[in-house]
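Let's take a walk through a protein together, one stop at a time. Have the sequence and the 3D view ready, and follow along as we go.

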Amino acid sequence: MDTNLNRRRFLQTASVALALIPLVVIRPARANTNAPARAQLKYQNTPNNEMSCASCLEFIPGKSAKDLGGCKVIPDDDEIAPNAYCTSWNTM
Ligand code: SF4
């Protein structure tokens, strides 16, 4: 009797866990922006003359030259535009 109850609980728990796997595995990656760091560095979505993220050593390019990427000085932000600019622009 006790064994049957344990088996039933195990099967119930296992079926719930199996049902949740697709929700965890298939969940799409979320884009992140770091608004405080952007504000501090005066991030803007347009270049400053020839200075843009695409020509900055801190830029972490996306999949293609036009895709959004990251930045070494703005952590937890994967929405950095290649044509954007901030006051930490750097080529050295
Ligand atoms: S430091 Fe500024 S200019 Fe350089 S990639 Fe990061 S956000 Fe763009």
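Asn-49 sits in the loop between α2 and β1. Keep in mind that the model you are looking at is predicted. Is Asn-49 buried or exposed? It counts as exposed, because just 6 C-beta neighbours lie inside 10 Å, and a residue needs 12 or fewer to be called that. Its backbone deserves a look too: Asn-49 has a positive phi of about 55°, although it is not a glycine. Most residues other than glycine have a negative phi.

Another residue of this kind is Lys-42. You can find Lys-42 in the loop between α2 (35–40) and β1 (59–60). The phi of Lys-42 is near 55°, again a positive value in a residue other than glycine. Lys-42 is exposed because 11 other C-beta atoms lie within 10 Å.

Now step back to see where that loop belongs. The protein has two helices and two strands, and from the N terminus on the order is α-α-β-β. Of its 92 residues, 14% are buried. Among contacts with a separation of 6 or more, 64% join residues that are 24 or more positions apart.

Follow the chain onward to Phe-59, which is found in strand β1. Why does Phe-59 count as buried? It has 21 other C-beta atoms within 10 Å, and 20 or more are enough for a residue to be buried. Leaving out residues up to four places away in sequence, Phe-59 touches Cys-53, Ala-54, Gly-69, Cys-71 and Ile-80. Look also at Asn-90: it is 31 residues from Phe-59 in sequence, while the two C-alpha atoms are 9.3 Å apart in space.

One of those partners, Ile-80, has its own set of contacts. With the same sequence neighbours left out, Ile-80 touches Cys-53, Phe-59, Leu-68, Gly-69, Gly-70, Cys-71 and Ile-74.

Phe-59 and Ile-80 both belong to the largest nonpolar core, which has eleven residues. The other members are Tyr-43, Cys-53, Cys-56, Cys-71, Ile-74, Ala-81, Ala-84, Tyr-85 and Cys-86. In soluble globular proteins, nonpolar side chains tend to be buried together.

Our last stop is the ligand. Which residues come nearest to it? Of the 15 residues around the ligand, they are Cys-53, Cys-56, Phe-59, Cys-71 and Cys-86. The shell around the ligand is made up of 13 nonpolar residues, one polar and one charged.

Definitions and conventions. Residues are numbered from 1 along each chain as its sequence is written. This is a predicted model: local features need pLDDT of at least 70, side-chain atom pairs count only at pLDDT 80 or more; totals for chains, interfaces and linings use all residues. A residue is near a molecule or strand if its C-beta atom, placed from the backbone, lies within 6 Å of it. Ala, Val, Leu, Ile, Met, Phe, Trp, Tyr, Cys and Pro count as nonpolar, Asp, Glu, Lys and Arg as charged, and the others, Gly among them, as polar. A nonpolar core is a set of buried Ala, Val, Leu, Ile, Met, Phe, Trp, Tyr and Cys residues joined through C-beta atoms within 7 Å. Two residues are in contact if their C-beta atoms, placed from the backbone, lie within 7 Å. Helices (H or I, at least four residues) and strands (E, at least two) are DSSP runs, numbered from the N terminus.
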